[in-house]
Structures are given as C-alpha cells and as structure tokens.
Amino acid sequence: MTTKTGTARRDDPADAGPLLGIPVSEAAALPTTQVLNGLGSTPAGLDADEAARRLTLVGPNAVRTHHAQPLRILGRQLRSPVLILLAVTAFISFFLGQRTDTVVIGVILLASVGLGFVNEYRAERATDALHSQVTHRAVTLRGATPVEVDVTALVPGDVVRLALGEVVPADLRLLTTTGLECDESVLTGESLPAEKSVPPVAAGCALGDLTCCAFMGTVVRAGAGTGVVVATGARAEFGRIALGLGERQPETDFQAGLRHFSVLLLQVAVALTSLILVVNLVLHRPLIQSLLFSLAIAVGITPQLLPAVVSTSLATGSRRLAKLKVLVKRLVCVEDLGDMDVLVTDKTGTLTEGRITFTAALDPDGADSEQALRLGLLSTETDPASGATGAVGGNPLDAALWDAPAAANHPVAGYVRVGLLPFDHDRRMTSTVVRAPDGEQQLVVKGAPESVLARCTTIPPGAEATLRAQFAAGSRVVAVASRAAPKLTVPTPADEDNLTLVGFLIFLDRPKDAAAASLQRLAALGITVKVCTGDNPLVAQKVCADLGLVSGGTLTGAEITGMDDEALTAAAQITTIFARVSPEQKARLITLLRRRGRAVGFLGDGVNYALALHAADVGISVDTATDVAKDAADVVLLEKDLGVLADGVTAGRRIFANTIKYVLMGTSSNFGNMFSAAAASAVLSFLPMLPSQILLNNLLYDASQLAIPTDRVDPEQLQAPSHWDIAFIRRFMVFFGPISSLFDFLTFALMLGAFHAGAALFQAGWFVESLATQTLVIFAIRTRRSPFTRSRPSRPLLLAALATVTIGVVLPLSPLSGILGFASLPLGFFLALAGMVIAYLVLIELAKRLFFAEPEGRLPHLRRRGHQHRIHRRAARFSVSAQQAH
C-alpha cells in the first residue's frame, strides 16, 4: 500500500525556476551566501507565505504516498493464474450449453474474490489510519522564528536546525556546525560517522566527501548545526535511492515464509491437477468438464484467502495493541514485536519508578555538607538567579536537586554565574564559573564520580568508602569539585583540572514494584533482557538484583572502547548490564547484537537513546519521551511499563500462531479432500463433486477461517518467536492428509454400498462430509493440547465453524439443491455422518499426539535484514497521504 509518490516526480513547473532547489553536489562547491541567494533565502529562513507558495509549486518533501488503492487490491485478488484459467474455461463452457453450472461457478468466484477484497481493503484502510496518525517534525526558521513543521512541508530555501539523534529531513547545505557528525551508512554504507563543516568543497567530489552538506535520511550522531534546504523529495540523494528501489517493500521473514508455502502448494496443485485431467481424458469424459473439475481442485488446494487472513490478523493485532496502550507506526511493526528475542532497555523509568529524588549532600567522608549542596545547585544548567527547574533542559537529576526542600532555603543567594560548559556524554560533567557574594570566583565541576575524581589533585581517604556504600545501596551519585578561577569566564574542557573534591550529591530512583513481574513475563516469552544505562555499574547491578534479573556480567563504556567488533559481539551475547555507555556505544551494541541474527528491540526515551532506536530492529519509546526519541521509534508505549511491552510481544506472536493454524488446516484436511477427489474421479463413472460444488465447498470453508485471527493461543506457543518451517509443514501435510482421505473413502463406501447413490446423491453426501470434517478439524489442529478441555477456541471461531457446517447440511435440503446439483440426503446419512465426524476428530487427536511426540530438531532461526529494508524503513517517515500528494 505504501507506494512511490507521484508528487515527488511531478513535472517541474515552468515558473518555479530556482525554487526547485539546487543539486547537493553543486551546492557543496558554492559559498553559503551564494547558495542562499540562489534559493532566494536568508539565514533567517523563509516567511510562512513564501514557504506555502513554494510547497504548492514544488510539492511535498516525500518519497512515499500512503492510501488504500481498491483497484490495486482487486488486481491482487485476480492475479491467480488458476483463478483466471478457471474463469476463462467457465466462460467457454457457457457458450457450449452448460449455462447453469457456469453461472453458479461465476457467482462463487465473484463471492470468493469479493471476500478477499473486502478483508484486504479493510486491512489497508487500517494501515492508512496508522500513517495518518504519525507525523515527523523538523525545526525550521520562518521569518527568523524557530517553528516545528512536518518534514513533508519543508521546501528549498528553508533553514533547518539539526540536533543529536535527529534524522536529517532534506538535503542541506550547512550554514553553521558545532561538532556535527552524521551517520551516512544508509546512503554510503560507511559505518563511521562523517564529520561536517561549513567551508565549500572542490567541485566534482564524491557523495561521501561532501563535508559541508547533510543528506536526507541520515542521522545526526554528534553535535548540532543549521543548514538551508537545497533539495527535497525525489530530488534529494536519499529520495532518488528510495524511489529507485520501487514501491515493493522488501520481504520480511513472515512474507518470505508465505511465499515459500505458496510455492509448495502450487507444486502440489500442478501435479494433482495434471494427473486428474489426464485420468479424466483417458476415461473419455468431456474436455471442458474435465478441465473445470481439475481447475476447481487446484482452487481448492490453493489458499485463496491466505493474504486476507494475514492482513486481517495484522489489522486486528494493531487494534488490539492500541487497546493495550501500544501504538505501532506501521503494520509490519506488529510482526517485529513478535519476532523480538532480545530487548535492550534503559534503567530509569523502566526498571525504576523514574521519579528521582534528592536524598543527601555529603562530604567525602559521608557527613552532611551544605557546601556540596550549594555548589551542586550552582553547577546545574539552570541559572541560579532563577532557580526554575523548567529551564533545566530535561536533566532529571538537576530538576530533583532544585525541587529538594534544602534548595528552598536559598543556599545560592548572592551567587552569580559567569560562564557555563554544558554536559556532554564524552566528559560526563557540567562546569560553571560562579562569583560568590564576596567577589571570589571559582570553577565548579559536577558529574560522574569517576570522571570528576580523575581530575582532582588528591582524593580524600574516605571518599572511596563513601561511594561504595552509596552504590551498594542503589543510590545514584554525582560528585562535586571546585577550584579557584579568578580570571576565568567561559570554561573549556582543558580548565577541568587540578580540582578539589567537595563532596557527593545522593539521589534515589527506587525499583518499580511491577518491574519484577514484567521481567518474568518477558523471560517466559523467551526474550533476553539487557540493561543499557549511563549510570554507575554498581547501581545498575543493585537494581537488577533487587528485581531478580540474573546478570550475565557487566561491561562499562571504558571497557567497550577498548574492544574491537569481534570481541564486543562475543561479549555482548552473554553480558546483561552495559553501564556508563555513550549514545554511540549504545548504537554500536545494538548493531553488533543484530549481526548474530538476533531480532533486537531497544527501549529508550531520551535524546541520548535516539541513535540506538534507529539502529534496532524495532525501536520502542514512550509517550512521555523526548520528541527526538518518539520520532526515532517504531512503537510508542502509552505507559513506560515492560508489562505493556510484553502485551505487545504477545499480540505479535499471536498473529503468527493463528496464521499457522490456517496453513496447517489447508495442508491437512483440505489437501486430503482434494486428494480424495482425484482418486475418486479415476474409479467412478461420474465426477465425485461438480466443479461448482468444489468451489462452493472451498468458499464456505475459507469464510469460516476468517475468524481465526480472533482465536486464543496457548501460552506455550508464545514462549519464543515462531518462524516458518516448510519442512515441518510438508511433514504435517503428508502425515494428516491421508487421515482425511481415509474418512472420505469411508463416505464413498457408505454412499455407494448403503445408499446405492447416483451422481447427485453421492455428490451431496460427500459435499456435506468433506465440509464438516475439514471445518471442524480446526478445533483439534489449533492446539497441541486437548481441545475444549485444556484449550478453548474463541467464540467467533466456534460460531463460524458451526455456522459453516450447518449451512453445508442445509444446502442439499434447500430449494437451491437442484441448482447446485444436489439430491436430498436420507436421515440415516446424518446419523452416520455424526459418527464419522466424531471418529475422525478422535483419530486426529491421537495422531496429533504421536506427531508432536517426535522432537523437531530445528536449527536456531537467524534473522537477516539487508540494507534495502533499512532504506524502506527510513523512507516511511517521508510519507504523505494521497490527498496531500496531488
């Protein structure tokens, strides 16, 4: 349903001129002033009216459109070669005099196609609704005022701000940079981030050498900057690549399994159909009737409604997830959740309550220290003159410090901030220069204890013991140090030296009460949980121990830095806790875990987690997360609770389990019935079932299976991700198909021996028996447990199956029986039918226990998703509706 956008390639309007933009390779060789002049823009950006005018001329900044396309869906329904051949043959037979049968066949075919169309269309409408709910924003200057706009509304000449973790929204010629680095692997395949600067480059440079440009679809790995949009949509480098891949999304494991299964059934159908046709021609039966019968058998074997069952399952799953407070941005994310077998999560707010409270300010020996509190307040990113926690900029530790009762006593009154060096993930510290009421200036440094202590001239003897005690108690600790700085104004990293330790600020974030139960649920689902945190390793270990999460070891950021990819990949498989890690290290860990074929999810809500969210198979954030984190995520939880995530995983796996039920149905009783028809046609003087009767049987059976997505799933089917195993399906078909055929042959013997049936009576009897057995067998096949007693079906499935069997029983007795070619069945047949159905289900149950008693001996499934998958995933954010596209 996601397609190439027409507007991205709309004809260039004659009056647009330079408003269409400048190729990024040309802009890279020009000074910034010349680029701005060429685009009719300024460093202050465009005004709102001009931006709207350009959007009308140029079109949205999009490479995809999303809308349900009825004709495309109908085309997919009619694409089956067997279906087309059957319709053509029926059309020919109409002119050869078999008009009644042909009309019946036509009506049944239309009903079958219509059923599939309606269900797929509803599923695509659900996908369309998902796309419409998701927006991706960018900060641009409109008349020198920063405003947030949808990325699809950007036009050439807009001036855009870039920050850590954001996806670059268009091709930009950079105007300013501050340590800006971009991950361009989605374009160049290069894993190392590219450093960016403002000076132009030589003309004719390769894409990877355009250091003064940032490209659409790449990710900001470090620093910040601003740039002017030079190309949007299909004119951008990423847009050209995305459109070049075509509108067909890369196959997921689930879709590949469906395709392999369809190939298997096609091979069976071709062999069986050819055999039946040859046998009927050898017996000198009419060519058209033989061809119709053979093709009807092929239709009966092929799973006509499998795409509808799958798409309905996905749409049902997304609605169920929404009720469980899990929002997915794309339907395939439902599958991604079910596939996940490794979850890497942050600690704060997930394993802990996320409500950080300040508990004490201590000197190095562990005694209360007002000086440590005062200097701690002075070294926050909040101006001490205001003391407003809202200006903290999202730092929860600083906010907790200002909210503490001790801060209300105004311990910083009279102090003036002179300069500030903000926190970053490399230094792990914040530094300020402050002037005391007596006029003395000092540099105050606050940050991770190991970083601050490394910059102190001496460490008091009691400091290490104080730290160990606090870490052992699960407290988060921030060290505070200072030195005289009479001439310093704006501090730099080089100034953070020769410090004297003042003390420690102690914070507490208690383990979440429900987290232990949620971790147990994830473990029961076969998901390995790993904790990735910027906190101290001892604190992370204490929290994990309190929650019962067994640790396989701990790695710190410093240790990770010294490891090559091969060593870290091996260590990451068994390590549980990664502490003091930077945003780049988090993304590296996710990438290396994925290399081993694991399906990796990452849960985080801060700006520093955005890189890892992009790197994961499924990025998960929460509704209260920063905009950058929510923008990077594939799944958004309305509650930051691992229990909600476990619900999402369960829903994803339920979809696969229920789809497999439909597949196993089609490869057991349904296949057996078609095999029986082939055998009977070789020995009977008439067709065992008319082509129209076979198609009607198949239509009723398929309609009953549309309730499968609502079915319950046994807990053991959810314990690990399930994957397609064609060898298993083939064994299942060969094992259970003959059991179905056995009861078909019993029905043949009953009809011919006991009731001396002619063609119409024989066909009516077998129609009812085959429909009853292949429909009711779902209750045995849907579970490995004993049906009804230890595993109850859903009510919709139960009612659908019983209604289908009832219709099958009533049809030969109804006024339609003559049109359909049936004769009325005697009462004795129905008594025999009840006995045969019960015997069939009992035998299937016994065979099921024998079949599943053998170990399957499957190899571990390795999931591989290539470069094209990541391009399509990134391209989904540059998407507009069909109405916006035209």
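Angles between helix axes under 35 degrees count as roughly parallel, over 145 as roughly antiparallel, 65 to 115 as roughly perpendicular and the rest as oblique. The axes are lines fitted to C-alpha atoms, for helices over the stretch in contact, and the angles run from 0 to 180 degrees between N-to-C directions.

The structure is a predicted model, in which local features need pLDDT of at least 70 and side-chain atom pairs count only at pLDDT 80 or more, while totals for chains, interfaces and linings use all residues. Residues are numbered from 1 along each chain as its sequence is written, and side-chain values use heavy atoms, with hydrogens and water left out.

**Overall content**

The protein chain holds 34 helices and 24 strands; helices (H or I, at least four residues) and strands (E, at least two) are DSSP runs, numbered from the N terminus. Of its 886 residues, 58% count as buried, where buried means under 20% relative accessible area, exposed over 50% and partly exposed in between (1.4 Å probe, protein chains only). Contact means heavy atoms within 4.5 Å. Among contacts between residues at least 6 apart in sequence, 76% join residues at least 24 apart.

**Helix packing around α26**

Helix α26 (residues 691–705) takes part in two crossings, one with α24 (residues 642–666) and one with α30 (residues 795–810).

| Helix pair | Axes come within | Crossing angle |
|---|---|---|
| α24 and α26 | 11 Å | roughly 160 degrees |
| α26 and α30 | 8 Å | roughly 165 degrees |

α24 and α26 are therefore roughly antiparallel to each other, and α24 passes α26 in a right-handed crossing. A crossing is left-handed if the near helix is turned anticlockwise from the far one by less than a right angle, and right-handed if clockwise. Y662, M665 and G666 of α24 meet Y701, D702 and Q705 of α26. These residues divide into three nonpolar, two polar and one charged. Ala, Val, Leu, Ile, Met, Phe, Trp, Tyr, Cys and Pro count as nonpolar, Asp, Glu, Lys and Arg as charged, and the others, Gly among them, as polar.

α26 and α30 are likewise roughly antiparallel, and their crossing is right-handed. Here L700, Y701 and S704 of α26 touch L797, A800, T804 and I807 of α30; this contact has five nonpolar, two polar and no charged residues.

A657 also lies in α24 and counts as buried at 7% relative accessibility. A657 touches V713 and Q717, not counting residues up to four places away in sequence. The C-alpha atoms of A657 and Q717 are separated by 7.0 Å, although the two are 60 residues apart along the chain.

**Aromatic residues**

The structure holds 18 aromatic pairs. Rings of Phe, Tyr and Trp (its six-membered ring) pair if their centres lie within 6.5 Å; planes under 30 degrees apart count as stacked, over 60 as edge-to-face and the rest as tilted. F732 and F851 form an edge-to-face pair, 5.5 Å centre to centre with 85 degrees between the planes. F732 is in α27 (residues 726–754) and F851 in α32 (residues 827–853), so the pair ties together parts that are 119 residues apart in sequence. F732 counts as buried at 1% relative accessibility, as does F851 at 10%. One aromatic cluster is formed by F728, F732, F735, F736, F851 and F852.

**Two further sites**

In α20 (residues 565–574), L568, T569, A571 and A572 are buried. The buried residues of α20 pack against β18 (528–533), β19 (554–556), α19 (557–561), β20 (577–579) and α21 (583–595).

Q442 sits in strand β15 (residues 441–447) and is buried, with a relative accessible area of 16%. Leaving aside neighbours within four places in sequence, Q442 is in contact with L375, T432, V433, V434, S482, R483, A484 and A485.
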